[in-house]
Structure formats: structure tokens, C-alpha cells
Amino acid sequence: MNEINPSGWRPSISASGVAAPSIETFTDNRALQLEEALIFEIGNLEHCGVDFDDDDLDETLLGGLPSRRSAPVDLPGLTEPEAVRHYTRLSRQNYAIDLGLFPLGSCTMKHNPRLDEKVARMPGFADVHPLQPQSTVQGALKVMNELAQWLITLTGMHGVAMTPKAGAHGELCGLLCIRAALEARGDAREVILVPESAHGTNPATAAFAGYRVENIPATADGRVDVAALTARLGPDVAGVMITNPNTCGLFERDLKTISDAVHAAGGFVYCDGANFNAIVGRVRPGDLGVDAMHINLHKTFSTPHGGGGPGSGPVVLSEALAPFGPLPFTARQADGSVRLVEEETAAEEGHAQAFGRMCAFHGQMGMYTRALAYILSHGADGLRQVSGDAVLNANYVLRSLDDVLDAPFGAAGPCMHEALFSDDGFAEGFSTLDLAKGLIDEGFHPMTVYFPLVVHGAMLVEPTETESKRSLDQFIGAMRSLAERARAGDEALKSAPHLAPRRRLDETLAARKPKLVWKG
Amino acid sequence: MRYLPLNDGDRAAMLERVGAGSVDDLFADVPVEARLAGPVPGLPMHASEMAVERHMARLSGESLTAGQAPFFLGAGAYRHHVPASVDHLIQRGEFLTAYTPYQPEIAQGTLQVLFEFQTQVARLFGTDVANASLYDGSTACWEAITMAGRVTRRSKAVLSGGVHPHYVETARTMAKFTGDRLVTRLPELVAASDDDAVIADIDGETASVVVQYPDVMGRVPDLAKIAQAAQAKGALLIVVVTEPVALGLLESPGALGADIVVGEGQSLGVGLQFGGPYLGLFGCREKYVRQMPGRLCGETLDADGKRGFVLTLSTREQHIRREKATSNICTNSGLCALAFSIHLTLLGGKGLEKMAKLSRIRAVQTAQALAKVPGVTIVNDSYFNEFAVVLPKDARTVVRDLADKGVLGGVSLGRLYPGAEALSGGLLVTASECTSADDIAALVSALEEVLA
Amino acid sequence: MPRYFTKDHEWIEVEGDAATVGITEYAQSQLGDITFVELPAAGASVGKGDSCSVVDSVKAASDVYAPVSGSVTEGNAALEDQPELVNSDAEGAGWLWRMTLSDAGELADLMDEGAYKAYVAEL
């Protein structure tokens, strides 16, 4: 720690050196740590934070409406100052990237540039209706088309389906393309092969698309067992779903070999692009034989996660699958304008075989603008630097901790954008969860825990390119301290966090008797 | 590069610790033939903030925005005034840049918001429970259809012709792959919704009946009657609400007998955004809660006995159940749910009612003015803020001609139902509290010119 | 009354052609706090090895398989409100369903208590 803090200054050194007594407060607040009641406990039906231009409200015009309700909906209102305070207080009970390092492996929590927020709110994108005449929404359509071209070029693919609303929706889109392509050649196949280390959405999606899922084992070095996979290929296998880089943070070296074998057996290769941020600007999945890959715009291209969404999951497609992609999509015309191709004009644009529509309207416009601003800001050179710094940061964490934490694949060479550790070596009774909760007291968000499932007590650390060396060194210092406490069996760790707005929460109670709405 | 904190000195020091000669060496696992030696060819290099902003502003300027023109579009996406504080609050970094609240001790802000949101949605819909949001209304509608299939162990869904055609198309796409049977029909340009035709299609194999309220042409179906008919055959009634502001004046679907209520939450807090991101609303009876898709937030206690909130019943979800999950959905629409919830909190029950009244009144005023235009016929008897008119020529051409005159006059049924000749004269017109008397006058005079 | 065990940690107690099925003490200890039990409907006919019930804990949902073929006569209604009975008394009050056997010969493939104890000790 000293090397990152040469002055020796620590905020916790008090002048007196006397420990603070345990203090109870009347409000349960702890200075800046403020408790906040529910809107149902502080608001009421009469309060309103909105004034309307209602001078000419002619209630006689309300006549003739059937199914009129007899009383207003029982919803509490707040005036603007009350509402601003309520939500501001709540916001302060959240950890966020804006506050510090957020090493959530495979979730890719990187800085959200504020320029992206600004452009997303430009009225030509934010204040246009999806069904306006196309001549009046050229600005919005050009953003969709420009982003589509970037995604195609960055991945070396042939086409892109923009409408999927998140990663899992993109996976479904890719599988439906595969199914449509197989059906078009009269080739009904039933099985999708999924490596056992895959994210849970992969088998869930394959099942949803009507396929039977078969698991493929991993090798001792954390990668897909190519021999097992190729041995299973046959006329009943529609395709494989492979994550690359995979969920252990490793590059699947043999992806091209796998693709060639799958293609030779008449199947297709779906690549889960959740970790594309590790290779963007350096590797084009199209060069590895991939037929379809979704890109989480909220991961690789840093649209904000917003406490759990919205996401956006465009799917890039190979030449074989592109004609089957869903509607609508954009097509640039000879005069420079961009056309939105919907059901009616699909045939004119060579998409008579499009498998249909995945959602209302045209996808996540507000995410397209943000992603495009991010991409234009970085450019081809900056994106290459993004993946380089992300991978360097992860390897730096791996090599700064592998003497105090077990790194199951550490000996296999460099990792990609995330470093994987296990709980091997912790004192009896101490688990990954204890270390994770300890990180909260240190002022960090925990890493991804217990995923991937193939590693016992997994801890997946993804620092991203957002972190400075100083920030990483502070995190590494905290991790070393926690690892030593877990190995030594420090009991205080088992009840961490002690300093957060809440201690550990009773999830059993929540699940046994679910209270999902406030009833007073 | 303004977003990348490492400098060359840092990189050299870090590479030394890692034991690699260069950053490129860290990519040794990538086959040489797939490793690019430099930036991806054919793409521009990095750009300044000013340059990017200028480029995007130029593109933005190529659109005619709702705020610039008299505006009458609806059909599943609605323009309402959103108070400035909503957009300010959702840009708090602690909301904007937080992740899914998997670590509840440091995510109580997001979790409490979700709990409040679920309660607001349940009260609005008149359902026992609601989830923490799905992608949008159309995907929520499909999720409801599959959930009804799980509950009833049947696979046939009867969809009213009044359900938004994009919702029907979404369901049709999915059903092709899941084997669910969908009974669908086109809407007709008549005053009454198709309640009786829908009821006639319900049989002992029907899992669900899907009705939109108000329907795509603004008509208000008789939910109680359809609910009774569905339940008599052991089918569930799914009600779709694409304009939740309507529930400020209309009885909640749950109170009229709906088993599952889904909706599009965009019209509160979210804005038009050219179609997305929006947010799917999903409520149902308590007894079906374990069959419900999507994330759920529940109340509990922490180790000190303080009230707190957690994501719960997650064993239904894909990360645990994998191929046995109730849905493959992983993401919800958290930030849009926050915007929806803040807007609804600012309104309260009385404010929502006021907003609904104004929307309805502006729509009536618009309809009365349009009825005087030669050749224009109002289709609806009943409507909230959206109604259909029949024009003497192809409504699609009329909409384009109106746009040329700077008026965004509505949504043509020809755009929504390509190829359906009988609907080609139909135009959907929507008003809200944003609609002014000047807007109505501009629409009328432009339409008179276009039809002359 | 004889009691048999499976490698998937179900127990079955047989009396004539009727039987009671549950999960073992070992299984409940591995699952942790049980939060919900999805029970088979009375009248359902099940084949040996079919998934009949799902036992949810906070972090897992586990299928429970029919040890033998037959038809379900009742699910344990007490578990609807008190799933925690599976934790407190897995091999007693926390039983999952009752069934009639269609082929008592299938019992021969199952373990007796001694064999099961030895099996668990190896895990």
C-alpha cells in the first residue's frame, strides 16, 4: 500500500487516537448515510409535483367513456422537492462506476462517457416517434445505419440485426436465424451444443428456441474440449454456442477449427459476444468462422447499465445467415438517404426470407446513439487501445494476486479481460462470499462470484480499461488484505459488510414469504 | 484518448509485473492469422468530443421532431410532457452507472425503487403483484402468452384484432419456433371492438385470450365480459395496455377480471426515443407468481433486523435453471422503470387522473374538429386519447403529404397493416395534454388542403 | 415398513402398493434453506426417473425424481405454507408426495439404508 501512498496520509488517522463510541441516533441516520422511507409512507393521493395547463378543462367532454373508474388510482404523489430528495437519498445507497472500481467479471462495468448521454438526448433522436414518415426521421435512421456499418466492419461479418433488446434477446435472434436457415433447406435439426462453462442464458435461449441442449465438457486448461465437441457433431446438431473469450476469461484458441468442423457437419456457429470488449479492434470474429454473434452495447460500447438495463444486443451475421435476419433493418439508398425496411419492402431489399419481427418498432435507439458516440470517440485506434488496456489491467490484477489467491488457470498463460480466482486455500468455513462482502467494507463492489460454475468458489475480476494504475493498486492492496484474512480465518469477515447501508440480507425470508408489493 | 487513464509509463511497469514484452503478447492465444497488426482497416480514427458532438448534432438536425410540429401520433408510443426532474434524477451516477442489484447491501437505492415500481404497477393494473420490468410491451405480451401456457398446460392463444400488430407479429415469430398456436385476426374499421368474435374463438384448448385495452384503434373492449367467457373455459385473460395514462380514467384491468396484465410503460417518464428503449410492464395474480418471467424485488430484513430489499425468487431465472428457466430474459429495463416510477410519483393518483382527463379532452376536441373536414369520418364511439378516422384516399399518402406541410398527422393503418386494402383509408389520431388548440387548427387546415 | 434410497437422494417408504417419497436428510443439508416446493398433482402418472417435483432453495432449484413408476395420490399440502419442514424433518413430516406403485419389482434397483449411508459417506 505504501507505494501508492508515499505521503503516508490516511483519512482514518484521528487526532486523538481515541476510537469513536458506538452511537445510536434518533433518526437511524448516520450523518451522510441517510435512511429513506417508501413513497407509500411519505406521499399521498392529494400531493402532486406537476402543474397542468388546465384552464379550459371541460369535464363535459369526458362523457361517453365506458369502464370509467370511480376513484383515482391509489398512488401516492410527491411535490418536486420531496421527490428530488427521495430519489437523491435513495441513489446514495447504491454503489456505481462513478464511485469506484466495479470489477464485476463478464458484466463489463466501464466508464459511461457523458457525451453519450448528451447526444442521446438530442431531439432528432429522442423526440421522434417510431412511426413518423421516413422522410422526417432521417437523422435517427442514419445513426442506426452508421452504427450497423461499424459493427459489421469491426466484426468482419456480412450483416447485422439491430433490433434485439439485450444480450439474451440477441442470442435468441441468432438461434432463430440458424433455425430459419436450416428450415429453408429442409433440414430439421434438434440439438444445440453448449459448453458447460456457458452463461445460463445460452441453454435457456436454446431451449426457448425449441432446441434440445447438450453440454460439452471443458478441458483442464479451461477451454472447450474440441475432441468431445467434434465427436458429437452429426446430422442432428443444428449448431454450437460458444463464448469467446470464454467465461473463464480465456480465448478459445481452437474456435476456427471448431467452426470448420461444425460447418462441415452442416451446422452453424453461434458466438456469445458478451466478452467482445476483450478483443474489439484486434480480432474479427468473422475471421474465425462465426455465423452469428450478439454484441452487448452496454458492455463493449459502454451504454450505461442503469441498475439492470436497458441493454441492447445487435447480432452480426455471416453471409449464410444474413438473409434470415429479423425485420426491420436499415438500408442506405443510392441518393444517400436511409430506408427503414419493414415487412412490406423486405423482398425489395433481398430479405424475403426474414424470420419475422422480434419486438415492436425498431430496437433500442437510445442505446444506438450512445454506442455510436462511444465508437466515434474512440475510433479504430482507440478501440484497439480499449481491448489492449482491458487485457493488460486484468493480467496485472492476476499477477499481483496469484501468490495469495488460487488462480485455477493462471499457469496456462495470460488471461484476456478478466482474471479468475477460486476459494482454494481459505480457512475452513470461509468462502468466496465472505471475501466478496469484505470488499464492500473496503469501498469496492464485489467481483462476480460463483460464476463460471465450473470453478469452485469462483471469483471473476474484470477491471476494464477504465481503471488507472493507481486505482488498480489500491484494489490489489485491498484484495491482498482480504485474501490474507480469509486464509487466516478472521471471523469478522464472516459477518461483513459492517459499514454498508445494510448488513447481509435474509434471502430465505424473502423467498419463503414473498413480499413483492407494499401493503402497509 | 480521453477515456483511457493508463499512460505508456504505467503500461511498461505493468507489463513488467505481468512478465510480457508488449500488450500484443497478451493476445498470444489468438491464432496469428486472426490477429490484426493494427487498427481494423476501413474505419476512421479517434475523434474529439467536439467533433463527435458536431457530427451527431448534424444528424439530429435531419429529423422533424415531435416538439417542432403539430403532433398526433400514437399506436403504441405516446408523447406526454415529462417533468425536468425525471431526466435529472435518472442521470444521478449512482442510478445511471450501477449494475443489476446482485449485492443488495450496496444497492438498496435501486432495489427500493424497484419495490416501489412493482407496487405502483400493481396498483395501476389492479393486479396482486408486478415484476421489475421486461424489455418492452411487445415482448412482455409474448412472455404472458407463454406463461399462460405454463399455468394452463395448454398451447392455444386467441388474440383480438385490436392487439397492436407489432405485438402480434412478435408473438407470431416466437410461436413459429415454440409450437404455440395463435388465433389472430385483422381489425375492422368499425365502431365496436371485436369482443364477440374473440369470445367465439375460446374453447377448451385455449390457454389465453389476449385483448388490448384500449385497443389499437382506441376502442375500449368489455373486459369483464371477455374475462368471464375465458375463465368459463379455463383460459386466462391477458390484457395489454399500451397507453398506461388511460388507466387514470379507465377501470384497472385486474379489477375487471384480467389474470395477467402487460403493458408498455413508455408513455410515463420515458419519452418517444424513436421506439426504444421502452419498458415492459407485467402484473398478475399472486397465485401465478412463481410462473412469472423476469426479475422480482422483495422485502426482507438484514442481520440487524432493518428493513431492506433483495432480488428474490431468482430460481425461476436462466442463471440458475438454465434450459428449464421460465424465460431466457436476463436484462430488465431498469433505468426506464426508474423514469416511469419517478414520473408516476410526481403525478400521484390525482395528477395521473388530471393528465388522463386532459388527454381525453384534447382528443375529443381533435375529433370534433376533424369531423367537420369534408370526407373525414370518425370511426369510434368509445375512445380514450386515440381514435381512428377514415379518409377518402390512401392514408399513407395523406400522412406523407401532411409531413411535407410540417404536420405529423397520425399513423396510417396502411403502415401498420401493409397489404390490407380494407384498412388503407384508416388513420389513427392521438392527442395528449401536449396538444394545443393551435395544433388542432394546423392539422385541420393541412388536412383540408391535402384532401382538396 | 421398508424404506429405500436412490443415488439422487430420494427416499421411498413402501406399505403394500402404496408409498411415500421425500428427499433425504443429506439432500436437504446440501440444499440449504428450502423456500418453495412444487408438488405433483394427484392423479399424475409417473415413470421411474421422471422429474416430479422441484425443491427451491435461495440459490438453487433441484428436480426430485420418481424412485419408481406409479401414480401420484397426493402432494404434501403442509409444504405450501411451510416448505421449511423439508429442512427440519426431511425424512418425516417433510415428505413430498404419496403414490401407488405399478411395478414393485423396480424397488430392487434401490439401496437400503445401510447401502445409502455408505454411498453418502463416499461423496
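Where along chain A does A:Asp28 lie relative to helix 1? Here are some notes on this predicted model, beginning with that residue.

1. A:Asp28 sits in the segment before helix 1 (39-42) of chain A. A:Asp28 is exposed, because 10 other C-beta atoms lie within 10 Å, and the cut-off for an exposed residue is 12 or fewer. Its separation from A:Asp424 is 396 residues in sequence and 39 Å in space, C-alpha to C-alpha.

2. Turning to chain B, have a look at helix 6 (residues 137-152). With 16 residues at 1.5 Å a residue, this helix should span 22 Å, and its end C-alpha atoms are indeed 22 Å apart, so the two values agree. Helix 6 of chain B is largely enclosed by the rest of the structure, because 13 of its 16 residues are buried. Just after this helix comes B:Arg153, which takes a positive phi of about 55°.

3. The sheet of chain B is worth following strand by strand. It is an open sheet of 7 strands with mixed pairing, in the order 1-7-6-5-4-2-3. Strand 1 (129-130) and strand 3 (181-183) of chain B are the edge strands, each pairing on one side only. Helix 9 (residues 223-232) of chain B packs on this sheet and touches strand 4 (206-212) and strand 5 of chain B. The direction of helix 9 makes about 150° with that of strand 5 of chain B.

4. Within that sheet, strand 5 (residues 236-241) and strand 6 (residues 260-264) of chain B run parallel and are joined by 4 bridges. B:Val240 stands opposite B:Val262, a residue of strand 6 of chain B.

5. Now to the nonpolar cores. The largest has 317 residues, and those touching the most other members are A:Cys177, B:Val209, B:Val210 and B:Ile238. Helix 11 (residues 365-401) of chain A contributes the largest share of this core, 20 residues. Another core, of 29 residues, lies apart from it and includes C:Ile34, C:Val37, C:Leu85 and C:Leu96.

6. B:Val210 deserves its own point. Leaving aside neighbours within four places in sequence, B:Val210 is in contact with B:Cys141, B:Ile145, B:Ala157, B:Val158, B:Leu159, B:Ser160, B:Val163, B:Ile238 and B:Val240. Among these partners, B:Val240 is the residue that stands opposite B:Val262.

7. Last, which chains supply the residues of the contact, and how many come from each? Chain C gives 5 residues and chain A gives 4 residues. On the side of chain C that touches chain A, the residues divide into 3 nonpolar, 1 polar and 1 charged.

Terms used. Residues are numbered from 1 along each chain as its sequence is written. Chains are lettered from A and ligands numbered from 1 in the order in which they are written. This is a predicted model: local features need pLDDT of at least 70, side-chain atom pairs count only at pLDDT 80 or more; totals for chains, interfaces and linings use all residues. Helices (H or I, at least four residues) and strands (E, at least two) are DSSP runs, numbered from the N terminus. A residue is buried if 20 or more other C-beta atoms lie within 10 Å of its own, exposed if 12 or fewer, and partly exposed in between; C-beta atoms are placed from the backbone. Two residues are in contact if their C-beta atoms, placed from the backbone, lie within 7 Å. Ala, Val, Leu, Ile, Met, Phe, Trp, Tyr, Cys and Pro count as nonpolar, Asp, Glu, Lys and Arg as charged, and the others, Gly among them, as polar. The expected span of a helix is 1.5 Å times one less than its number of residues. Two strands pair if DSSP finds at least two bridges between them. Axes are lines fitted to C-alpha atoms, for helices over the stretch in contact, and angles run from 0 to 180 degrees between N-to-C directions. A nonpolar core is a set of buried Ala, Val, Leu, Ile, Met, Phe, Trp, Tyr and Cys residues joined through C-beta atoms within 7 Å.
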